Amino acid sequence: MARGGLTVNGADKLVGKLKRNTNLNDVKNIVKMNGSEMQRKAKRFAPVDTGNLERNIHLYIENNGFTAKTVSEAEYAGYQEYGTRFQPGTPHIRPAFHQQKRQFVKDMRRLMK
């Protein structure tokens, strides 16, 4: 399964500004809140037949609270996300990521002011 991500250019400047303007616990709270919201959206977008796919969407907080991963761990999640040659996919992780990405960037910018 392909992995998407959000790359922050100028991370050194970002960390310096955040250290001057805010507590790093605020950053961790934003990461956790946005990760949780992305998990909720992914579950909402997941196609429901038996509910197994929705139940297997999990949130992992890593890197001492600076990384949130929303993962669809059902064995067939990739087929649902991307489709097969026999059926089109029903994306649930990618739409949640693209929606939440905008909110995450907005929250981080608010912290930097």
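This report describes helix α2, its packing against helix α5, and the residue Y79 in a predicted model.

## Basis

In this predicted model, local features need pLDDT of at least 70 and side-chain atom pairs count only at pLDDT 80 or more, while totals for chains, interfaces and linings use all residues. Residues are numbered from 1 along each chain as its sequence is written, and side-chain values use heavy atoms, leaving out hydrogens and water.

## Helix α2

Helices are DSSP runs of H or I with at least four residues, numbered from the N terminus. Helix α2 covers residues 24–45, and its end C-alpha atoms are 32 Å apart. This agrees with the expected 32 Å, because its 22 residues should each add 1.5 Å (the span is 1.5 Å times one less than the number of residues).

The buried residues of α2 (under 20% relative accessible area, 1.4 Å probe, protein chains only) are V27, I30, V31, N34, G35, M38, Q39, K41 and A42. They lie on the same side of α2, because they cover an arc of only 170° around the axis (taken from the directions from the axis to the C-beta atoms).

## Packing against α5

Helix α5 (residues 93–112) packs with α2 at an angle of about 160°, the axes being 9 Å apart. The two helices are therefore roughly antiparallel (an angle over 145 degrees). Contact (heavy atoms within 4.5 Å) involves residues including V27, I30 and M38 of α2 and F97, F104 and L111 of α5.

## Residue Y79

Y79 lies in helix α4, residues 77–82. Its relative accessibility is 53%, so Y79 counts as exposed (over 50%). Not counting residues up to four places away in sequence, Y79 touches T84 and G89.

Notes
Axes are lines fitted to C-alpha atoms, for helices over the stretch in contact, and angles run from 0 to 180 degrees between N-to-C directions. Angles under 35 degrees count as roughly parallel, over 145 as roughly antiparallel, 65 to 115 as roughly perpendicular and the rest as oblique.
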